[in-house]
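Visitor: Could you walk me through the spaces inside this protein? I would like the reasoning behind each label.

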Amino acid sequence: MAVKMIKVHGSGNDFYLLDQTQFPEPLTDKGLKQLAINICKRDGAGLFEGADGVLVVDRSEHAHVLGRMRVINADGTEASMCGNGLRTVARYLGTQNDSTDFRVETMYADLKVQAVADFATHVPAFSVEISPVSFEAKTLGMHANHDAQTIINETIPALKSDLKFSAVSVPNPHLIAFVDHATLVGPELGRIGEWMNDGQNSIFPDGVNVSFVEVLGQNSIFVRTFERGVGFTNACGTAMSASSLMYVLLHQESTDFNQEIHVTNPGGMVKTIVHQGADEEYWMELIGNATFVKIVSLPLEEALAADFTQATTTVTGEQAAYEDFVDSLKTA
């Protein structure tokens, strides 16, 4: 049988969106892992240009929820959440169900999503909830600084003595450092990211997303991320959300919530809003594009065997509009 997928992206963080409801029987976890490994490879080895992962959409048994999202990384591992991916899933489910304001089931929470005004012509946008937030080492899978319970704006000598890191789960685990521009574009992020995700280090044995953040101005930051299970990525939605939270907590003269933050990244731009609820419970809004690049169809058996010779594609035209939007940011 044929499998249909949509190539999607949020801020250049690209995925193949796979709706499990198209199959008489859904793919098994083993099948999903193999499919992701096969189609996501870059440099011509995968399906077309590859991807950062596969977004698996399925029915949800939760009340008042339109669907369920799972995130399979390019290496076959499963991520607990993906903010950029959630925007595209929200658009897909909203279109299928003629709804603009609803919830999507993710690994740890049913998250609020809402259609918002287009960023530009043919650049549709969604706002999605990023939560839950935790700073606890147990939640993060962290063993740093003599098993400290939290790491907030502190050095981790084993990583680098002159950088201060904050560790936060949103719920993906993130390690964030605010840096100058030279450090942002230098080699340290790659070195630390690779080490923290080698499966052998004792600090984050299960891996962690690592981000360097440059403060560009009031409520304006640039985020560059080495993503667990992916490597360098154009953007990571949960990383930008976690970085926005730490910006509010550490880099504003007064801790001022509910303000729009402009977040740029190698793939484009998003907006974030950090909220504080009762008992210092934080959650973020992540607002950005939800672009459908093309529709792909190929035989399922061949996809699982990494044979893409029969793949066909229909281009939507939205990518050109997104690239025009990104170019407009550079000249603004």
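Guide: Gladly; we will take the cavity, then the pocket, then one residue of its lining, keeping in mind that this is a predicted model.

Visitor: Why is Pro173 called buried?

Guide: Pro173 has a relative accessible area of 6%. Buried means under 20%, so Pro173 earns the label.

Visitor: What makes the largest cavity a cavity?

Guide: A 1.4 Å probe fits there but cannot get out, and therefore the space is called a cavity. The search of the whole structure finds one cavity of 30 Å³ or more, and the largest holds about 50 Å³. Its lining consists of Asn73, Ala79, Asn172, Asn209, Glu227 and Arg228.

Visitor: How are the residues lining the largest cavity divided by class?

Guide: One is nonpolar, three are polar and two are charged. Ala counts as nonpolar, while Glu and Arg count as charged, so Ala79 is nonpolar and Glu227 and Arg228 are charged.

Visitor: And what is the volume of the largest pocket?

Guide: About 380 Å³. A pocket is an open set of points. Here 22 residues form the lining, and Glu78, Pro173, Asp206, Gly207 and Arg228 lie nearest the centre. The classes are seven nonpolar, 10 polar and five charged.

Visitor: Back to Pro173: which residues is it in contact with, beyond its neighbours within four places in sequence?

Guide: Contact means heavy atoms within 4.5 Å, and Pro173 has such contacts with Leu140, Val168, Gly207, Val208, Asn209 and Arg228. Pro173 belongs to strand β11, which covers residues 173-178.

Notes:
Residues numbered from 1 in each chain as written. Predicted model: local features only at pLDDT ≥ 70, side-chain atom pairs only at ≥ 80, totals over all residues. Heavy atoms only, no water. 1 Å grid on protein atoms, 1.4 Å probe; cavity = no way out; pocket = protein on both sides within 12 Å on 5 of 7 lines; lining within 4 Å. Points joined across faces, edges and corners; volume = space filled by probe spheres on them. Helix = DSSP H or I, 4+ residues; strand = E, 2+ residues; numbered from the N terminus. Buried < 20%, exposed > 50% of the residue type's maximum accessible area, 1.4 Å probe, protein only.
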